[in-house]
Amino acid sequence: MIDEQQQNNTNQPLGEQTEEKQAMTSDSTAEINANATQSEVTDQVSTQANVSGDTATQSEDSGVAATEAAGNESTAKEPAVNQQIESLKAQVEERNTQYLRIVADFENYRKRNQKEKEDLEQQVKRNTITELLPIVDNFERARSQIKPQNDGEMTIHKSYQGVYKLLVDSLKRLGVSPMRPEGQPFDPNLHEAVLREPTDEYPEGTVLEELVRGYYLGDRVLRHAMVKVAAPKEDAPSSEENQSSPANS
């Protein structure tokens, strides 16, 4: 009896010790598992951090590479862009030069056309007035040669002289003006010498008389004046020479 109790007492501590050992073992296992789990989590976090860091590094490297590539591409394209700009500038300059040339040509054409038009109008006017000048000449001859003897003739004379005055006034409005060459030096650009008269009263080449009136149209000669010009007077032979000549003959 006593031996069984001792045995039971002996067995009881062994069981408790076994349970305690099991409990300690389970706690250690749990702690180990917890540590293992924490280590795994830490490793996973570290792995993820490393992966994220690697990804960020790769992204940064990719961005730098992309930036460098873009910079290289821009550098490679810059000469082509500059060449295109220079080409466009050359085209603009060429078009501007062509425009200025066309404007200058048109301006020259306009001036030339205007001058040709004015010259044509002037030529038509000259031809028309030149055809009327002989009529003016006849009126002037009639006025200088016809001398009215009575009132009837004077009335007729005043009538055609009135027509002559209207004609002369019309020519003046067209820009016609008469020459007044008497007493002036002979000018072949203005005058036409038809007679020469020896005289010692005027220098040689002086216009003595206007036989047919000359006219200007504006600042141009419409018709040259027909004039008589002074010539040097020849010395008359002496009376002795005149007398000796018959005697010698």
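**Entry 1: confidence**

I began with the pLDDT of this predicted model. The chain averages 75, and 64% of the residues score at least 70. Next I looked for stretches where the score is poor. Residues 28-36 have a pLDDT below 50, and beyond near neighbours in sequence I find zero contacts for this stretch in the model. Residues 236-249 are also below 50; here the model shows one contact beyond near neighbours in sequence. A reminder to myself: where pLDDT is low, the predicted coordinates should not be read in detail.

**Entry 2: the sheet with mixed pairing**

In what order do the strands of the mixed sheet stand? I read β2-β6-β3, three strands in an open sheet. At its edges I find β2, residues 191-198, and β3, residues 207-212; each of these pairs on one side only. I also looked up how neighbouring strands here are turned against each other: the average is 30°, direction ignored.

Then I followed one pairing in detail. β2 runs parallel to β6, which covers residues 225-231, and seven bridges link the pair. One of the bridge partners I noted is Ala225 in β6, which pairs with His191. For a newcomer, it helps to recall that strands of a sheet pair through backbone hydrogen bonds, either parallel or antiparallel.

**Entry 3: a closer look at His191**

His191 caught my eye, so I stayed with this residue, which belongs to strand β2. Is His191 buried or exposed? Its relative accessible area is 4%, and the cut-off for buried is under 20%, so I count His191 as buried.

Which residues does His191 touch, leaving aside its neighbours within four places in sequence? I list Pro181, Pro185, Phe186, Val207, His224, Ala225 and Val227. Ala225 on that list is also the bridge partner of His191 in β6.

**Entry 4: the antiparallel sheet**

I turned next to an open sheet of three strands in the order β1-β4-β5. Its pairing is antiparallel. Why does one side of β1 and of β5 lack a neighbour in the sheet? β1 (176-178) and β5 (220-223) stand at the edges and have a single partner strand each, so one side of each stays free of a neighbour in the sheet. From one strand to the next, I note an average twist of 40°.

Last, I checked how β4 meets β5. Strand β4, residues 215-217, is joined to β5 by three bridges, and the two run antiparallel. Leu217 has Arg220 of β5 standing opposite.

How values were computed:
Residues numbered from 1 in each chain as written. Predicted model: local features only at pLDDT ≥ 70, side-chain atom pairs only at ≥ 80, totals over all residues. Heavy atoms only, no water. Pairing = 2+ DSSP bridges. Helix = DSSP H or I, 4+ residues; strand = E, 2+ residues; numbered from the N terminus. Axes fitted to C-alpha atoms, helices over the stretch in contact; angles between N-to-C directions. pLDDT = per-residue confidence, 0-100. Contact = heavy atoms within 4.5 Å. Buried < 20%, exposed > 50% of the residue type's maximum accessible area, 1.4 Å probe, protein only.
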